[in-house]
Amino acid sequence: MQLKKIVSMQQCKDPLVLTTVRDPQPAPDEILIRVTACGVCHTELDEIEGRAAPPVLPVIPGHEVVGRVVATGADVTSHCIDDRVGVGWIFKSSGGEDENISEEFVATGRDANGGYAEYMTVPQHYAYRIPDSLSDAEAAPLLCAGSVGYRALNMTGIQDGDSIGLTGFGGSGHLVLQFARHMYPTSPVYVFARSPAERNFALELGASWAGDTTDAPPHLLHAIIDTTPAWLPVLAALKCLRPGGRLVINAIRKEDTDKSIMADIDYAKHLWREKQLITVANVTSDDIKACLEIAARAKIKPQVTTYKLEDANKALRELSSGEIRGAKVLAIT
């Protein structure tokens, strides 16, 4: 499924085109993967609508990729034929601790062809072994929604027992809740979400409280993670932080639809008393490895809805309109 031009999802219901292309061939340091599953992420909408536009079109999106190794380049030593591996948003980078913000960062499915396809190539060190306890569809969302959520959770700086909030409860939010309950077992988790269905889903997964985006929680919180594409949750979350609290924005881009609401920011109400705001920039190899290991050990599994590859546009339309329960995954045969 190729993106051939930047479009608005409101004006174009089928932005991706089913296309036959030549099978890619691995470079000396690359592996060739036969894709079996690929998660559908909100970042794909950012690519389609131009907020995170691919540098070259056409491109094959998709950066939550699971599949089997079917060929290896001459210099590959870390993978063998038939290994089950996953690929995340980081296609390749510097390999250093700051590889997520390095100028060498290359994004899967944006700067290089991704997993909305039967085959893809990737550098050997940016493919990760998938634990046996996870199915292909379950593993796919962990490679971005889970991994970047895990990074955001670490960036809150909380300790066990501190209160944490999640605003937005889609593919990433429902995984962050499960990671939080495992990593900080005595920390209450408060969820802010627009729809009653999302709030009920959060309570099913163990949230201590669930309210609307602008509702006030029972008390001020140590940290909040924002996983939405909107600005209203930012303003609402800042108001719900205790002094010294931290808001972590877990999004590649924000949409401009409600950006004007930030003109209402009040220094005393939203920012004063040493509140902090920090953004998550991409994800590292170590984040993905740790996320997969913890998920396997703690039996953390995404709740997924699967679609055929040719139904990718349908999944994207539902994501754009807010029809979300857990994660969406393309099952590729």
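**A walk through the helices and loops**

Start by selecting helix α5, residues 232-239: its buried residues are Pro-233, Val-234, Leu-235, Ala-236, Ala-237 and Leu-238. Here "buried" means under 20% relative accessible area, "exposed" means over 50%, and "partly exposed" is in between (1.4 Å probe, protein chains only). Helices (H or I, at least four residues) and strands (E, at least two) are DSSP runs, numbered from the N terminus. With 6 of its 8 residues buried, α5 is mostly covered. To see what its buried residues pack against, add β10 (164-167), β13 (221-226), β14 (241-249), α6 and β15; contact means heavy atoms within 4.5 Å.

Before moving on, a word about what you have open: this is a predicted model, in which local features need pLDDT of at least 70 and side-chain atom pairs count only at pLDDT 80 or more, while totals for chains, interfaces and linings use all residues. Residues are numbered from 1 along each chain as its sequence is written, and side-chain values use heavy atoms, with hydrogens and water left out.

**Zoom out**

Show the whole protein chain, which has 8 helices and 17 strands. Its radius of gyration is 19 Å, close to the 20 Å that the globule rule gives for 333 residues, so the chain is as compact as a globular protein of that length. That radius is taken over C-alpha atoms, and the rule is 2.2 Å times the number of residues to the power 0.38. The C-alpha trace spans about 60 × 45 × 35 Å along its principal axes. Of the 333 residues, 55% are buried.

**Helices α3 and α4**

Next, select α3 (173-183). This helix is largely enclosed by the rest of the structure, because 8 of its 11 residues are buried. Colour them in: Gly-173, His-174, Leu-175, Val-176, Leu-177, Gln-178, Phe-179 and Ala-180.

Now go to α4, residues 196-204, where Glu-198, Arg-199, Phe-201 and Ala-202 are buried. Look down the axis of α4: these buried residues fall within an arc of 160 degrees, so they line one face of the helix. The arc is that of the directions from the helix axis to the C-beta atoms. An α-helix has 3.6 residues a turn, so residues three or four places apart point the same way. On the face turned away from the buried side of α4, find the exposed residues Pro-196, Ala-197 and Glu-204. The cover over the buried residues of α4 includes α3, β11 (189-192) and β12 (209-211). Just after α4, stop at Gly-206, which takes a positive phi of about 110 degrees.

**Three loops**

Which loop holds Trp-272? Look between α6 (267-271) and β15 (276-279). Trp-272 is partly exposed, with a relative accessible area of 47%. Select Ile-265, Tyr-267 and Leu-271 along with Trp-272 to see a nonpolar surface patch with about 420 Å² of accessible area together.

For the second loop, go between β2 (16-17) and β3 (30-40) to find Arg-22, which is exposed at 79% relative accessible area. Add Tyr-119: the C-alpha atoms of Arg-22 and Tyr-119 are separated by 9.7 Å, although the two are 97 residues apart along the chain.

Finish at Gly-157, in the loop between α2 (136-155) and β10. Gly-157 is exposed, with a relative accessible area of 52%. Measure from there to Arg-246, and the C-alpha to C-alpha distance is 8.2 Å, with the two positions 89 residues apart in sequence numbering.

How values were computed. Patches are made of residues with over 30% relative accessible area and no salt bridge: like charges are joined within 9 Å, nonpolar side chains (Val, Leu, Ile, Met, Phe, Trp, Tyr) within 5 Å. Accessible areas come from the Shrake-Rupley method with a 1.4 Å probe; for residues, only the protein chains shown count as cover. A salt bridge is a side-chain nitrogen of Lys or Arg within 4 Å of a carboxyl oxygen of Asp or Glu.
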